[in-house]
Amino acid sequence: MGRPIVSFDLREARVSAGDAAVYAPADDEGAFARLIAQLMDDPEQRARMGRTGQERINGPLSWRNSQAALLAAYAAACPEHTAEPAGRPVRTGRRARR
C-alpha cells in the first residue's frame with residue numbers, strides 16, 4: 001500500500017519490512033508514539049519508506065520469489081508427496097476430513 005510502518009523491534013518485522021519501517025524498543029509505547037509523530041512530521045521519509053515497502057513486496061518478498069523455496073521446503077519435509085507445477089495445489093493423496 002506504499003505506507004511506512006512503525007513496529008516494535010521484532011525479528012519478523014525487520015525481516016519483512018526492513019527499511020520500510022522504524023522500530024521502537026519492545027514494550028516502549030512512548031518510543032512507539034514518538035516514531036509515529038516523527039513520521040507524521042516528515043512526508044519525504046514517509047514517501048521513501050513507502051516506496052521501499054512496495055519494492056520489497058513486489059521483489060524479494062513476492063509470492064513469485066517465495067513460491068519455489070516454500071515448495072522445496074514442503075517437498076523436503078514430506079518427500080512422499082508429489083508437488084504439482086507452480087500455481088497448483090500440492091496433492092497429498094489424502095482426502096480432507098469434513
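# Exercises on a predicted model

From the N terminus on, the elements of the protein follow the order β-α-β-α-α-α. The model is predicted, and the exercises below are to be solved with the structure in view.

## Exercise 1. Overall composition

Task: State how many helices and strands the protein has, and describe its burial and its exposed surface.

Solution.
- Step 1. The element count gives four helices and two strands.
- Step 2. The protein has 98 residues, and 21% of them count as buried.
- Step 3. The exposed area of the protein is about 7,800 Å². Carbon and sulfur atoms account for 53% of that area.
- Step 4. Consider the contacts between residues at least 6 apart in sequence: 37% of these join residues at least 24 apart.

## Exercise 2. The largest nonpolar core

Task: Identify the residues of the largest nonpolar core, and determine which element supplies the largest share of this core.

Solution.
- Step 1. Seven residues form the largest nonpolar core: Val6, Val22, Ala24, Ala31, Leu35, Leu39 and Met49.
- Step 2. At least two residues of this core come from each of strand S2 (21-24) and helix H2 (29-40).
- Step 3. H2 supplies the largest share, three residues.
- Step 4. Val22 is one of the core residues. With neighbours within four places in sequence left aside, Val22 is in contact with Ile5, Val6, Ser7, Leu35, Leu39, Gln45 and Met49.

## Exercise 3. A glutamine in helix H3

Task: Decide whether Gln45 is buried or exposed, and list its contacts beyond four places in sequence.

Solution.
- Step 1. Gln45 belongs to helix H3.
- Step 2. The relative accessible area of Gln45 is 13%, and the cut-off for a buried residue is under 20%; therefore Gln45 is buried.
- Step 3. Once neighbours within four places are set aside, the contacts of Gln45 are Val22, Gln38 and Leu39.

## Exercise 4. Asp27, Glu29 and Ala33

Task: Locate Asp27, Glu29 and Ala33, and classify the accessibility of Asp27, Glu29 and Ala33.

Solution.
- Step 1. Asp27 lies in the loop between S2 and H2. Its relative accessibility is 67%, and exposed means over 50%, so Asp27 counts as exposed.
- Step 2. The backbone of Asp27 also deserves a note. Most residues other than glycine have a negative phi. Asp27 is not a glycine, yet its phi is positive, about 65°.
- Step 3. Glu29 is placed in helix H2. Glu29 has 56% relative accessibility and therefore counts as exposed. Its C-alpha atom is separated by 8.8 Å from that of Phe8, and the two residues are 21 residues apart along the chain.
- Step 4. Ala33 is also found in helix H2. With 42% relative accessibility, Ala33 counts as partly exposed. The C-alpha atoms of Ala33 and Val6 are separated by 8.9 Å, with the residues 27 apart along the chain.

## Exercise 5. The largest pocket

Task: Give the volume of the largest pocket, and describe its lining by residue, element and chemical character.

Solution.
- Step 1. The volume of the largest pocket is about 190 Å³.
- Step 2. Its lining consists of Met1, Gly2, Arg3, Ile5, Ser16, Ala17, Ala20, Gly50, Gly53, Gln54, Arg56 and Ile57.
- Step 3. The elements that contribute two or more residues to this lining are helix H1 (11-17) and helix H3 (43-58).
- Step 4. H3 gives the largest share of the lining, five residues.
- Step 5. By character, the lining of the largest pocket comprises five nonpolar, five polar and two charged residues.

Terms used:
Residues are numbered from 1 along each chain as its sequence is written. This is a predicted model: local features need pLDDT of at least 70, side-chain atom pairs count only at pLDDT 80 or more; totals for chains, interfaces and linings use all residues. Side-chain values use heavy atoms; hydrogens and water are left out. Buried means under 20% relative accessible area, exposed over 50%, partly exposed in between (1.4 Å probe, protein chains only). Contact means heavy atoms within 4.5 Å. Accessible areas come from the Shrake-Rupley method with a 1.4 Å probe; for residues, only the protein chains shown count as cover. On a 1 Å grid over the protein atoms alone, a cavity is a set of points where a 1.4 Å probe fits but cannot get out, and a pocket is an open set with protein on both sides within 12 Å along at least five of seven lines; lining residues have an atom within 4 Å of a point. Grid points are joined across faces, edges and corners, and a volume is the space filled by probe spheres set on the points. Ala, Val, Leu, Ile, Met, Phe, Trp, Tyr, Cys and Pro count as nonpolar, Asp, Glu, Lys and Arg as charged, and the others, Gly among them, as polar. A nonpolar core is a set of buried Ala, Val, Leu, Ile, Met, Phe, Trp, Tyr and Cys residues joined through side-chain atoms within 4.5 Å.
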